[in-house]
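Student: Hi! Could you walk me through this structure in plain words? I'd like to begin with pockets.

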Amino acid sequence: MESSDFFNEADIAALEPETKIGLLATVNPEGLPHVTLITSLQAGGPKKVMFGQFAQGLSKIHVKSNPRTAFLVLTLDRKIRTGKALWKESKTSGPEFEMFNEKPMFRYNAYFGIHTVHYLDLVEKQGPVGLPLLRLGAAMAATRLTGKSGAASKEKGALKPWGQKLFNRLDAMKFISWVGEDGFPVIVPALQCTAPSDSRLVFSPLAYSSQLKSLEKGQNAAVFGLTMKMEDILVRGFFRGYFRKRGMTIGMMDINWVYNSMPPVAGQIYPEPELKPVTEF
């Protein structure tokens, strides 16, 4: 994959529209990966990444304690660009603030607009590269053939039926993230990922094999699931490693944390947080 430390003119133009899938991976204070959907993510120049914030989630908190981030952008022409960036600052006014709020997605939104713009320094960019459709098809078929045999032996209730259904939808997009050796998170498409039970995800490494095979047994990983209706869910868990099932290789991840990142209120779903009385209004 083509790699550089700057955005060229084609990159800047491709990342400008808000009609795209933009993901930002961050690292929480415990050193665990977190992934957020940020469609406003775009280039702010050859060496800059920026995005507009309209909802408060954990990613905007994580970057202030650990500025290392990774991004993945899938544009309408089915081209992917990935990279690493260091969070630098945020502003609540200025030309970029005005620009984001003039975009149709936010200008005509009756509920909220962009209230903060975040700026990051580009470290590395890879792509654009097209989706490997043949390999993805083979990986999806292999995952579905071996998936049930990789189901967890006991139900834990990590995923509700809605969440499990989302991960098993053929038209849902899935992306896996973990923290690399350099301390930056990694994001890799994992469209073949499925949930054979409520507490485990499985996937074949036939697509994106070189990236997925660098995910080591025992690492913590996060998987972000997304539909074209902008329904999404984030899970995190323990990667058990790769196993041979029915003559094919399959990766398994045990889910131990589930997070709703959809507005208006993002928050942890599993383990279920303790209910606390409201004392401030």
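Tutor: Happy to! On a 1 Å grid over the protein atoms alone, a pocket is an open set of points with protein on both sides within 12 Å along at least five of seven lines, and lining residues have an atom within 4 Å of a point. This is a predicted model, where local features need pLDDT of at least 70 and side-chain atom pairs count only at pLDDT 80 or more, while totals for chains, interfaces and linings use all residues. Residues are numbered from 1 along each chain as its sequence is written, and side-chain values use heavy atoms, with hydrogens and water left out.

Student: Cool. How many residues line the second largest pocket, and which lie nearest its centre?

Tutor: There are 23 lining residues, and Thr82, Lys84, Gln126, Val186 and Ile187 are the ones nearest the centre.

Student: Which element gives the most to that lining?

Tutor: That would be β10, with 5 residues. Elements giving two or more residues are β6 (68-74), β7 (79-91), β8 (116-130) and β10 (185-189). Strands here are DSSP runs of E with at least two residues, helices are runs of H or I with at least four, and both are numbered from the N terminus.

Student: And where does the second largest pocket lie relative to the domains?

Tutor: Domain 1 (3-130) and domain 2 (133-267) both contribute to its lining, so the pocket lies between them. The domain bounds come from an automatic or database domain assignment.

Student: New topic: which residues of helix α2 are buried?

Tutor: In α2 (residues 58-65), the buried ones are Ser59, Lys60, His62 and Val63. Buried means under 20% relative accessible area, exposed over 50%, and partly exposed in between, using a 1.4 Å probe and protein chains only.

Student: Why do we say they line one face of α2?

Tutor: Looking down the axis of α2, its buried residues fall within an arc of 160°, so they line one face of the helix. That arc is taken from the directions from the helix axis to the C-beta atoms. On the face turned away from the buried side, α2 carries the exposed residues Lys64 and Ser65.

Student: What covers the buried residues of α2?

Tutor: The cover includes β2 (21-27), β3 (33-37), β5 (48-53), β6, β7 and β8.

Student: Can we zoom in on Ser59? What does Ser59 touch?

Tutor: Leaving out residues up to four places away in sequence, Ser59 touches Thr26, His34 and Thr36, with contact meaning heavy atoms within 4.5 Å. Ser59 has a relative accessible area of 1%.

Methods. On a 1 Å grid over the protein atoms alone, a cavity is a set of points where a 1.4 Å probe fits but cannot get out, and a pocket is an open set with protein on both sides within 12 Å along at least five of seven lines; lining residues have an atom within 4 Å of a point.
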